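Here is a friendly briefing on one protein model, arranged by topic. Have a look at the structure first, and then we can walk through its interior, its surface and its pocket.

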Amino acid sequence: MTTSQARGIKQDPINDNSVAEYLQTHPDYFERNGALLAKLRLPHLRDAGATVSLVERQVEVLRERNQSLERKLKELVGVARANDALADRIHRLTQRLFRARTLLESINALEASLREDFDVRDSVLLLFLEEARILEQPPGRFLRSAKPAHAEMKSFESLLQSGKPRCGQIRDAQRDFLFGKDSVEIGSVALTPLGPKGALGILAIGASDADRFHPGMSTEFLSRIGELLANAFTR
């Protein structure tokens, strides 16, 4: 029996947490016990039959952490480059809209920019403006006119009321109304209301890839495009 036990003093058991806490409190422990450090061996995670020194294991952990940071940095750089490219496309769209003098010219500028600058194959501009009904041509697929009270617009009511872009998959009836009944190849859509609570209409951009536009993606650039178009269509 130890003296502590004899005096009724209960000793805390040594466990992983207590060892870790001690080493964190005394980071110079291995400096004062270099011989122990040299004797420590750890199983190598990639080879169960081999062992490595604690120092080697530390180096490996730091290397893995460094590789993880490099991957995250590459991802951030990739996102930054993509945002720069998107900002440049929006700049070109802005220049096209500045040169437009009429509503028709603004609509044509938007269609050309989506096709040439953004490489968009399927897009629809749905306008509630009275002038759009006059400009709409039966052969054209890009410009559509409608009234907010149209029965088909009921399914877009929450989108218009929010006044914010929405991305993802839409119902078949919504897809057919916007892109036509032969649009089954469209897997995802980006919808941007134009004007306060979508008072001017909706810009719809479709993609065959079901994951191209998804609910988790940022809609900041879509909001900027919506503001540009609202200003261009009402000046």
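The largest nonpolar core has 31 residues, and the ones that touch the most other members are Ile107, Leu110, Leu125, Leu203 and Phe233. Here a nonpolar core is a set of buried Ala, Val, Leu, Ile, Met, Phe, Trp, Tyr and Cys residues joined through side-chain atoms within 4.5 Å. Buried means under 20% relative accessible area, exposed means over 50%, and partly exposed lies in between, with a 1.4 Å probe and protein chains only. This is a predicted model, in which local features need pLDDT of at least 70 and side-chain atom pairs count only at pLDDT 80 or more, while totals for chains, interfaces and linings use all residues. Residues are numbered from 1 along each chain as its sequence is written, and side-chain values use heavy atoms, with hydrogens and water left out.

**The nonpolar cores**

- At least two residues of the largest core come from each of H5, helix H6 (103-116), strand S3 (122-127), helix H7 (130-135), strand S6 (188-194), S7 and H10; helices (H or I, at least four residues) and strands (E, at least two) are DSSP runs numbered from the N terminus.
- H10 gives the most to this core, supplying seven residues.
- Separate from it is a second core of 16 residues, and Phe179, Ile186, Val189 and Ile202 are among them.
- As a general background, nonpolar side chains tend to be buried together in soluble globular proteins.

**Three core contacts lists to explore**

- Which residues does Phe233 contact, leaving aside its neighbours within four places in sequence? They are Leu103, Ser106, Ile107, Leu110, Leu125, Leu127, Leu129 and Leu194, where contact means heavy atoms within 4.5 Å.
- Leu125 sits in strand S3 and counts as buried because its relative accessibility is 0%.
- Beyond its neighbours within four places in sequence, Leu125 is in contact with Ile107, Leu110, Phe142, Leu143, Arg144, Leu194, Ile202, Leu203 and Phe233.
- For Leu125 and Arg144, the C-alpha to C-alpha distance is 5.9 Å, with their positions 19 residues apart in sequence.
- Leu143 belongs to strand S4 (residues 143-145), and it is buried because its relative accessible area is 10%.
- Not counting residues up to four places away in sequence, Leu143 touches Ile107, Leu125, Leu127, Ala132, Leu135 and Glu136.
- Leu143 and Leu203 are 60 residues apart in sequence, and their C-alpha atoms are 9.7 Å apart.

**The overall fold**

- The protein contains 10 helices and seven strands.
- Of its 235 residues, 32% are buried.
- Among contacts with a separation of 6 or more, 50% join residues 24 or more positions apart.
- The protein exposes about 15,700 Å², of which carbon and sulfur atoms supply 52%; such areas come from the Shrake-Rupley method with a 1.4 Å probe, and for residues only the protein chains shown count as cover.

**The largest pocket**

- The largest pocket holds about 620 Å³ of space.
- A pocket is an open set of points on a 1 Å grid over the protein atoms alone, where a 1.4 Å probe fits, with protein on both sides within 12 Å along at least five of seven lines; lining residues have an atom within 4 Å of a point.
- Grid points are joined across faces, edges and corners, and the volume is the space filled by probe spheres set on the points.
- There are 23 lining residues, and Leu86, Phe118, Arg212, Phe213 and Met217 are the closest to the centre of the pocket.
- Two or more lining residues come from each of helix H5 (54-99), strand S7 (201-207) and helix H10 (220-234), and H5 gives the most, with five.
- By type, the lining divides into 12 nonpolar, five polar and six charged residues; Ala, Val, Leu, Ile, Met, Phe, Trp, Tyr, Cys and Pro count as nonpolar, Asp, Glu, Lys and Arg as charged, and the others, Gly among them, as polar.

**Arg89 and its contacts**

- Arg89 lies in helix H5 and counts as partly exposed because its relative accessibility is 28%.
- Outside the residues up to four places away in sequence, Arg89 touches Asp117 and Phe118.
- The C-alpha atoms of Arg89 and Asp117 are 5.8 Å apart, although the two are 28 residues apart along the chain.

**Loop residues with positive phi**

- Asp119, in the loop between H6 and S3, has a phi near 55°, a positive value in a residue other than glycine.
- Is Asp119 buried or exposed? Asp119 is exposed, because its relative accessible area is 68%.
- Lys197, in the loop between S6 and S7, is not a glycine either, yet has a positive phi of about 55°.
- Lys197 is exposed, with a relative accessible area of 53%.
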